[in-house]
Amino acid sequence: MKKVLRCGTLFTAQDKNVQKDMAVVVDGEKIVEVLPWASFTGTDVEVIDLSDRFVTPGLIDMHAHVVMDGQVDPFNEMLYTTHGASTIEGIFRAQRDLLAGFTTIRDCGGCRTGDALAIRDAIRAGKIDGPRMVASGPFLVTTAAANLYEDGAWIFDGPDEARRAARKAIASGVDQLKHLGIGHVTLEEMKALVEVAQDTNKLISIHATDKVTIRKAAEAGPTTIEHGIEINEESVEWMIRNGTALIPTYCPYYFCAEHAEDVLHRTPEQAAATRRRYEIHASHLPWLMKSGLTIGFGADTGATLTKHGKQAFEMELMHRNGMPEADILYAATATNARLLKLDSEIGTIEAGKCADIAAFAGNPLKDIRLMQDCKFVMRNGHVYKNDGETAKLKPAL
């Protein structure tokens with residue numbers, strides 16, 4: 001039986017406008033029609049009344065780690081948790097993301113021999129419920145950073161080894177390569193990673209926070225640069241030229257700044273430096289938007305003090321830092337879908353797309369904080385949550 005969603009306010013993400021009193025017709029896993037409610041004449045359908053809701057495409061988190069969950073030191077937790085425990089906990093974390101309206105997540109690595117890949121594959125096979133997952137697998141790092149990640153990474157030194165590590169990761173089944181640009185890494189090494197990703201039609205993201213590493217990453221031209229705290233105009237010019245997007249991930253930096261002394265136990269001097277670092281990061285957003293740089297949505301979910309299912313707080317931070325509400329919603333839907341090369345399937349509400357849909361109370365275009373309380377979730381035509389009532393998930397949540 002077809003489902004018809006009566007939407008009081010509909011943000012399709014085909015543009016940044018909304019439509020009132022609309023009908024979204026779902027047949028199986030797909031959206032088959034979007035039209036004014038007054039024009040809908042079908043019979044023998046299941047009507048889902050969202051007439052008092054703000055309806056959006058399913059949200060997309062471009063930066064998550066299912067093997068972490070906001071611990072003070074999530075990397076330590078990841079490295080000293082068994083694979084079995086990591087995979088089981090990762091399932092529940094991904095399900096919390098789904099119930100928060102995030103029907104797609106990009107896992108940005110840290111899963112040693114494939115914990116996140118196993119979760120991704122089980123979701124794809126229908127063995128468990130969860131969001132659509134694009135997964136990275138182990139980090140790609142130079143030996144300068146290897147001691148920080150022990151067996152959590154593929155190690156390389158030099159362009160040839162970088163290509164070898166990238167190919168090894170791709171052979172393991174990843175959807176994208178994730179390079180941690182920490183320690184000393186050369187532009188040639190980064191270019192080698194990007195070359196393999198492009199030749200194999202994979203995504204690649206590069207973690208870069210300091211000015212020098214961001215500049216190298218921008219010239220190398222990955223799909224996305226993560227964080228970008230010390231980004232400058234020269235790097236932005238390279239990113240625009242190469243079609244590289246920025247995923248700012250404000251959440252962990254904000255939480256570290258807010259809790260530098262009481263939770264992280266940093267000295268007053270260290271706490272002041274932590275707060276200043278976040279202030280610098282946040283201050284860049286207005287001029288980055290004016291530059292024309294593509295900015296996606298990702299919370300670094302699972303990183304320090306950033307919990308799964310709570311990542312919509314990133315939207316509040318983006319708004320505080322200068323991004324309009326409609327632009328934030330567009331980034332978390334249509335923009336992210338394009339960056340993932342999934343825009344033919346997800347990211348907008350229109351005929352032919354997967355029936356990935358979320359709904360919220362009130363008007364998030366006037367108060368973005370409302371996105372932190374998801375009321376309705378549909379993925380591939382299946383309703384997982386409606387007005388706070390949660391369907392039984394596989395395995396039981």
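Here are some worked exercises on a predicted model.

**Exercise 1: Salt bridges**

Find how many salt bridges the whole structure holds, then work out which parts R93 and D69 link.

*Solution.* Start with the count: a search of the whole structure turns up 23 salt bridges. General background helps here, since side chains of opposite charge can pair when their charged atoms come close.

Now zoom in on one pair. The side chains of R93 and D69 meet in a salt bridge, at 3.9 Å from N to O. R93 sits in helix α2 (residues 83-99), while D69 is in the loop between β5 (59-64) and α1 (74-79), so this pair ties together parts that are 24 residues apart in sequence. Check their surroundings too: both R93 and D69 are buried.

Next, take E234 and R215, whose closest N and O atoms are 2.8 Å apart in a salt bridge. E234 belongs to helix α8 (residues 233-242) and R215 to helix α7 (residues 211-220), so here the parts tied together are 19 residues apart in sequence. As for accessibility, E234 is partly exposed at 41%, and R215 is partly exposed as well, at 21%.

Last step: look for shared partners. Salt bridges that share partners join D69, R93, R96 and K307 into one network.

**Exercise 2: A neighbouring pair**

R53 and D52 form a salt bridge; decide for R53 whether it is buried or exposed, and do likewise for D52.

*Solution.* First the distance: the closest N and O atoms of R53 and D52 are 3.8 Å apart. Then the accessibility. R53 has 14% relative accessibility, and the cut-off for buried is under 20%, so R53 counts as buried. D52 comes in at 54%, and exposed means over 50%, so D52 is exposed.

**Exercise 3: Helix α3 and a threonine that touches it**

Work out how many residues of α3 are buried, what covers them, and which residues T87 contacts.

*Solution.* Go through helix α3 (residues 115-124): 7 of its 10 residues are buried, so the helix is largely enclosed by the rest of the structure. Those buried residues are D115, A116, L117, I119, R120, A122 and I123. Their cover includes α2, β6 (102-107), β7 (132-135) and β15 (374-379).

Now pick a residue on α2, namely T87. Setting aside neighbours within four places in sequence, T87 is in contact with D115 and I119. Both names are on the list of buried α3 residues. The T87 side chain also has a polar atom 2.9 Å from the backbone oxygen of H83.

Finally, see what comes after the helix: α3 is followed by G126, which has a positive phi near 80°.

**Exercise 4: Two helix pairs**

Describe how α9 packs with α10 and how α5 packs with α6.

*Solution.* As a rule, two packed helices are described by the angle between their axes and the distance between the axes.

- α9 and α10: the axes of α9 (residues 250-258) and α10 (residues 268-283) come within 8 Å and cross at roughly 145°. This crossing is left-handed. Residues making the contact include Y250, Y253 and Y254 of α9 and R277, Y278 and H281 of α10. Sorted by class, the contact has 7 nonpolar, 2 polar and 2 charged residues.
- α5 and α6: α5 (residues 159-171) and α6 (residues 187-199) pack at about 35°, with axes 8 Å apart. Here the crossing is right-handed. Among the residues in contact are A162, R163 and A166 of α5 and E188, E189 and A192 of α6. By class there are 7 nonpolar, no polar and 5 charged residues.

**Exercise 5: Positive phi without glycine**

D21 has a positive phi, and so has H227; place D21 in its strand, place H227 in its strand, and check how accessible D21 and H227 are.

*Solution.* Begin with D21, which isn't a glycine and has a phi of about 50°. D21 lies in strand β2 (residues 19-27) and is partly exposed, at 30% relative accessibility.

Turn to H227, where phi is near 85°. H227 is part of strand β12 (residues 224-227). With a relative accessible area of 2%, H227 is buried.

Key:
Residues are numbered from 1 along each chain as its sequence is written. This is a predicted model: local features need pLDDT of at least 70, side-chain atom pairs count only at pLDDT 80 or more; totals for chains, interfaces and linings use all residues. Side-chain values use heavy atoms; hydrogens and water are left out. A salt bridge is a side-chain nitrogen of Lys or Arg within 4 Å of a carboxyl oxygen of Asp or Glu. Buried means under 20% relative accessible area, exposed over 50%, partly exposed in between (1.4 Å probe, protein chains only). Helices (H or I, at least four residues) and strands (E, at least two) are DSSP runs, numbered from the N terminus. A polar contact is a pair of N or O atoms within 3.5 Å; within protein, one must be able to donate a hydrogen and the other to accept it, and residues adjacent in sequence count only if both atoms are side-chain atoms. Contact means heavy atoms within 4.5 Å. Axes are lines fitted to C-alpha atoms, for helices over the stretch in contact, and angles run from 0 to 180 degrees between N-to-C directions. A crossing is left-handed if the near helix is turned anticlockwise from the far one by less than a right angle, and right-handed if clockwise. Ala, Val, Leu, Ile, Met, Phe, Trp, Tyr, Cys and Pro count as nonpolar, Asp, Glu, Lys and Arg as charged, and the others, Gly among them, as polar.
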